[in-house]
Every structure is written in C-alpha cells, then in structure tokens.
Amino acid sequence: MNRGLRVVKTLAITDARFADSSITENDHPAYNTGTTYTKGTRVLVGHEVYEAVAESGNVGKDPKTEAAYWARVGYSNLWKAFDLSSTTRTTFDDSAWFDIMPGEASSSVVLRGLQGGTRVELTLTHPTDGVVHEYEEFVGGEMTESSWYVWTFEPRVPRTAFEYNGLPSYPGSTLRIEVEGGAGSGVGVIAIGKLREIGFAVHSGLRLGIMDFSRKQRDEYGDVYLDQGDYADTSSLTVTVPNEQLDNVRSLLASLRGTPCLWSPSDRWRTTTIWGFYQSFTVTIPYATHSECSIDLEGLT
C-alpha cells in the first residue's frame, strides 16, 4: 500500500444541520395529545414512527415514554438516510435532493446503500457568494473486471457506494446532495465529515472477510435449512505510524470509538473500504522512528 489509512469521521445530521429536502415527511399524521388512537394507528413523533398497540385508553399517552400504548417502528422515510445504517433506506422515484448545513469544516460526503442511482451531484452554495463548488459523478452499473468477455456478455453490477473528499471549507454554506435514478431508487446512508489520514503506509497482508448473519439450521433428519440474512464486512490491517505522531493517532482513535466512520486503506480496491467502526486497536513501538498500529474493523450492515 502506498499511503496511510484514511478515515472520515462523520457528523451526526441533526435538525440544526438539516435544511430541506425534496422528500416530504408525511408518512403518517403527527402525534396529537388530544386524539384517541386505536390499535394499529401510526403517527410521527419528530422523525420517528410509532404504532398504537393498546386496545383502548390511548389518549394523551406520550409515544416516547408509554411503552404499554405505543411501539416504535423506526424512522420516517426521509430520516432513514440519516440513521447511519444502510439496512434502512430512504426511497424515492427518479431523483431526490437533500440540503445540509454542516456548520463546520467538512471535506467529505459518503453515500452507502445506493439503490437504482445513476448520478450524484454535489452543490455547495454560500448565501452571499452563491455557488462556490460543484461536483458530479456517474454511479450506475459498472463492470466487475476489465475484459472483452465481461464487457460483451456480463451484466453491469449496481454501484452501492459513493465517496467524495474534495469539499472546500466555506463557512456558512449549504450543501445540496442530489441523487438521480429511476423508479424505486433509494439511499441508505448520507453522511458528511472530515477526512483524516493515519500513518504513511498500510502493510501488505490486509485481511478481509464478512460476518454472516444467515440462519443455518439442521433438523433431526440431518436436512439443512438456510435462510440468507444480512452480513457485515470485517477487516484487519496494520499501518506504519511515525513516532512523533503517536500521541495524535491514539487520541484520534480514542475519539472515534463507537462512531460510524468510513475507513479506506487503499485506492486500488474499493472492496477494502469499510463503513463501520473499529473493534480494537493496538500500537507496537518496535523502532526508534516509527511504530505499527494494528486495527480490527467491523462494518455496519
């Protein structure tokens, strides 16, 4: 590997950072304290969907605190793109845009769980200076390898991820993320953040794998039943770090614990990039000038 481990620490998209979207948040009516709700009725509380579960007496019962009357279903269609999980997906037809005000310097945009997308366009607009940065990229189907046979006969593989690290720091600007596609398109994760690089060389011998959540069950006759489930990417790698950067690297990794990030050890293979978190890291100091940092990564499904 010819560079260090790149990591994008993402910012949580809150109401303060979310500006607007072409997707309206009208999945269900907003909760009203004066309404009597029957079993099975769904309501919106903020960006969350709740379903009434009580047979009677459900009036003035706060869905967030009254578990005997309400069950949380999940996020609204709009907010599924901001829950940092690619298993839930904001869906739309043709195209959708999202306006975000980061409020601080952000260099990177990360999209995961793309479905049916063909193009992503980024536009950074300042209230006084107007459009200060634009970028667009084709994200439709692509070949799995370069050969005449694949080009002629194999179907294009849908692209499910997008990453851009070229946003300029322009305080007070609004970032519009637009995804074009067809009917039934969607995006699982929309995240913004700042790119950092750990060390200067990822060692050869990087290990990739998956954690499979499929169910495998064998009955008393020996027959096996397989129920394909989701999976999480895993990776183990070692990166060389200059000793004068050890304190900063350890501090950075400590700040990333329990935080969804985009980890990218190589420009050569997109499959080495993981959207997830680190399970553990260990620093070994074998030399006077540089050390080795080993990191185990686990992807979010």
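The following legends describe an overall view and several close-up views of a predicted protein model.

Residues are numbered from 1 along each chain as its sequence is written. Because the model is predicted, local features need pLDDT of at least 70 and side-chain atom pairs count only at pLDDT 80 or more, while totals for chains, interfaces and linings use all residues; side-chain values use heavy atoms, with hydrogens and water left out.

**Figure 1. Overall view of the predicted protein, with its two helices and 21 strands.** Helices (H or I, at least four residues) and strands (E, at least two) are DSSP runs, numbered from the N terminus. Along the principal axes, the C-alpha atoms fill a box of roughly 75 × 70 × 50 Å. The mean pLDDT, the predictor's confidence in each residue from 0 to 100, is 91, and 94% of the residues reach 70 or more. Confidence is lowest in helix H1 (residues 148-153), with a mean of 61, and highest in strand E4 (residues 48-52), at 97. Of the 301 residues, 41% count as buried; buried means under 20% relative accessible area, exposed over 50%, and partly exposed in between (1.4 Å probe, protein chains only). Contact means heavy atoms within 4.5 Å. Among contacts between residues at least 6 apart in sequence, 67% join residues at least 24 apart.

**Figure 2. Surface and charge of the protein.** The accessible surface comes to about 16,200 Å², of which 48% belongs to carbon and sulfur atoms. Accessible areas come from the Shrake-Rupley method with a 1.4 Å probe, and for residues only the protein chains shown count as cover. The protein carries 26 positive and 39 negative side chains, and the centres of these two sets lie 4 Å apart. Lys and Arg count as positive and Asp and Glu as negative, whereas His and the chain ends are not counted. The place of a charge is taken as NZ of Lys, CZ of Arg, CG of Asp or CD of Glu.

**Figure 3. Close-up of Trp79 in the loop between strands E5 (70-75) and E6 (90-92).** Trp79 has a relative accessible area of 6% and is therefore buried. Beyond its neighbours within four places in sequence, Trp79 is in contact with Ile13, Thr14, Asp15, Phe18, Glu25, His47 and Thr90. The C-alpha atoms of Trp79 and Leu226 are separated by 33 Å, and these residues are 147 apart along the chain.

**Figure 4. Close-up of the aromatic pair Tyr31 and Trp70, in a structure that holds eleven aromatic pairs.** Rings of Phe, Tyr and Trp (its six-membered ring) pair if their centres lie within 6.5 Å; planes under 30 degrees apart count as stacked, over 60 as edge-to-face and the rest as tilted. Tyr31 and Trp70 are edge-to-face, at 5.8 Å centre to centre and 90° between the planes. Tyr31 lies in the loop between strand E2 (18-21) and strand E3 (42-45) and Trp70 in strand E5, so the pair ties together parts that are 39 residues apart in sequence. Trp70 counts as buried because its relative accessibility is 3%.

**Figure 5. Close-up of the aromatic pair Phe82 and Phe98.** The two rings are edge-to-face, 6.0 Å centre to centre with 85° between the planes. Phe82 belongs to the loop between E5 and E6 and Phe98 to strand E7 (residues 95-100), so the pair ties together parts that are 16 residues apart in sequence. Both Phe82 and Phe98 are buried. Together with Phe18 and Trp79, these residues form one aromatic cluster.

**Figure 6. Close-up of Gly60 in the loop between E4 and E5.** Gly60 counts as partly exposed because its relative accessibility is 46%. Leaving aside neighbours within four places in sequence, Gly60 is in contact with Tyr31, Thr33 and Thr35. Gly60 and Val73 are 13 residues apart in sequence, and their C-alpha atoms are 19 Å apart in space.

**Figure 7. Close-up of Leu84 and Asp94, non-glycine residues with positive phi.** Leu84, with a phi of about 70°, is located in the loop between E5 and E6. Asp94, with a phi of about 75°, is located in the loop between E6 and E7.
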